[in-house]
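Welcome! Here is a friendly walk through one protein model, with a look at its empty spaces and its packed interior.

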Amino acid sequence: MTRRALMLAGGGVKVAFQAGVLQVWLDEAELQFDLADGASGGTFNLAMYVLGMNGTQIADNWRNIDPVAGVDLNWEQYLKLFWAASLFDLDNYRKKVFPKWGLDFDKIRASNVEATFNVYNFSKQELAVLEPKDMSEDFLCAGVSLPMWFPPIKIGGDTYIDSVFNTDCNMEEAIRRGADELWVIWTVSFRGEWFNGFVGNYFGMIEAAADGRYNAVLKRIAENNANIDAGKPGEFGRKIVVKELRAEVPLHYLINFSQDRSREAVNRGVIAGREWCAQNGIPLKKQTPIDHHIADAPVTKLQFQEEMRGYVSSTNTDYEGGYVQGKTTNNFVDAKMTIKVDNMERFVLIPDHLAAVEGTVSSAIGGDKRPIENGTFNLLVDTGDPSHKKMLYRLQFSDTNGNPLTLSGFKDVHDDPGGDVWSDTTTLFTHIYDGHVSAEQEAGAQPRATGIIRLSFPEFLKELTTFRTEGATFGERASALARFGALFLGSLWDVYARKVLTYSPF
């Protein structure tokens, strides 16, 4: 009988994404696991799992906690300068976060779930693998006590720290306990980018330790399986299957003060979990609506106006070439839009950041001021690479003879050498199609015209004056505008300010 292990790897607060995957694996796919392992930040999710919480409960715990609640500056150590024990401590996790998550350590110790928690015993210079019966609040804190950031934990005369420098995913222990399948949720970055400065250097070392160790064990597993397939003895005595869901999560490992960001990370995990199950032929028996957690939130709205003008060509399929040729022939396009967010909570927390578009499209192809019949806008979305984002526009309208047309465009937001943030966020690479073409249909459709339309600086200044919000109170209306701004500027940070901090903390 196949034994299946749930591997809750570390990743700091990026494991909020891991919780979203658990909502899918445990509740929607109804997967069963014979044992589970947690390391570093993954021990938080393991503690909830051991208590018998379902995936949605674990995910909602991350959605509902304010990251600021766990922040506790270790002020008394600062006067010691270079000899300080840590920058922060975990007292607020003990007092505020653990109780809100419902962590009951007596119940953890009494649990019958087969699980292993990893901490590093620095005194003995060895990894300590703890079962639920051995766990305590101190050990859970030790499991996430990154040196310099949090103080080591003294337990029974020994000093314990986070296991990440030894292992961030203890696959050998799961195999030793009889696991044949390792189901890994991995959120430590694999990008291989080195950043200067204390914070950049520190988490580069974390990635070197975590990814390096993980890759080494994966290599041993691959060699083991190859030997067994060849009729030779394998290191582990049987074939080991690794089922991995790996993602680049746009959340810093520790420095995050935005509940919106952490909640969006959970929702990204849900989406990724569903896509992963579909790719791996795992049916979902039910689905919890991804926005179930925002149903009771106050409904606030936001809208703003934007106008872009430019040129397209029916004979040139290159964007820049189409613009140049279209300008010569006066094949113009002028899109006057009102972008409407009907629910700010959903807009901010669901990763597609989708809004509706109303207005008109004037063009040499379709005629003057043709009403937008169905329009959508996606703000700074990414498809796997959070350092490269796009703003998407899809405007469906009809020409003066009633023939349907679609304007589909994207702003390509990525960090090229030099200052390109203005051009990236104001240049819309544009196709116009015959028919009302959906995003799914676009790959097989032939553009009728191609070119570029742009937001000019005067129009940008005008746009800033058009923002309007709706809400029951002044506070709600102000919050809607602030959250939109934080999403927009934070997403730009993820692209252009990564050398300061890989992901925006706001």
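## Pockets, cavities and cores

Helix α10 gives the most to the lining of the largest pocket, with 6 residues. Please keep in mind that this is a predicted model. Along with α10 (259–279), the strands β8 (241–246) and β13 (374–381) each supply at least two residues of that lining. The largest pocket holds about 630 Å³ of space. Its lining has 24 residues, and those that lie nearest the centre are Arg268, Ile271, Glu275, Asp382 and Gly384.

The second largest pocket has a volume of about 410 Å³. Which residues lie nearest the centre of this pocket? They are Phe460, Glu463, Leu464, Phe467 and Phe488, out of 23 that line it. Several elements give two or more residues to this lining, among them β9 (301–313), β14 (389–398) and α15 (457–464). Helix α16 gives the most, with 6 residues.

Besides these pockets, the structure holds 3 cavities of 30 Å³ or more. In the largest cavity, the lining residues closest to the centre are Gly12, Val13, Phe44, Val144 and Leu254, and 13 residues line this cavity in total. The second largest cavity is lined by residues including Gly11, Gly12, Asp162, Asp168 and Tyr253.

The table sets out the volumes of these spaces and the classes of residue in their linings.

| Space | Volume | Lining by class |
|---|---|---|
| Largest pocket | about 630 Å³ | 13 nonpolar, 4 polar, 7 charged |
| Second largest pocket | about 410 Å³ | 17 nonpolar, 3 polar, 3 charged |
| Largest cavity | about 130 Å³ | 9 nonpolar, 3 polar, 1 charged |
| Second largest cavity | about 70 Å³ | 6 nonpolar, 3 polar, 2 charged |

### The packed interior

In soluble globular proteins, nonpolar side chains tend to be buried together. The largest nonpolar core of this model has 93 residues. Which members touch the most others? They are Trp25, Trp62, Phe98, Trp101, Met171 and Leu182. Helix α1 gives the most to this core, with 9 residues. A second, separate core has 39 residues, including Leu302, Phe304, Ala449 and Val495.

Trp101 shows what such packing looks like around one residue. Leaving aside residues up to four places away in sequence, Trp101 touches Phe44, Met48, Met53, Asn61, Trp62, Ile65 and Tyr93. Phe44 also appears among the residues closest to the centre of the largest cavity.

### A closer look at α1

Is helix α1 largely enclosed or largely open? Of its 14 residues, 14 are buried, so α1 is largely enclosed by the rest of the structure. The length of α1 (residues 15–28) can be checked too: at 1.5 Å a residue, its 14 residues should span 20 Å, and the end C-alpha atoms are 19 Å apart, which agrees. After the helix comes Glu30, whose phi is positive, near 55°.

### A buried loop residue

Where is Asn331 found? This residue sits in the loop between α11 (319–329) and β10 (332–341). Asn331 has a relative accessible area of 10%; because buried means under 20%, it counts as buried. Not counting residues up to four places away in sequence, Asn331 touches Gly310, Tyr311, Val312, Ser313, Ser314, Gly326, Ala364 and Ile365.

Methods
Residues numbered from 1 in each chain as written. Predicted model: local features only at pLDDT ≥ 70, side-chain atom pairs only at ≥ 80, totals over all residues. Heavy atoms only, no water. 1 Å grid on protein atoms, 1.4 Å probe; cavity = no way out; pocket = protein on both sides within 12 Å on 5 of 7 lines; lining within 4 Å. Points joined across faces, edges and corners; volume = space filled by probe spheres on them. Helix = DSSP H or I, 4+ residues; strand = E, 2+ residues; numbered from the N terminus. Nonpolar A, V, L, I, M, F, W, Y, C, P; charged D, E, K, R; others polar. Expected span 1.5 Å × (residues − 1). Buried < 20%, exposed > 50% of the residue type's maximum accessible area, 1.4 Å probe, protein only. Core = buried A, V, L, I, M, F, W, Y, C linked by side-chain atoms within 4.5 Å. Contact = heavy atoms within 4.5 Å.
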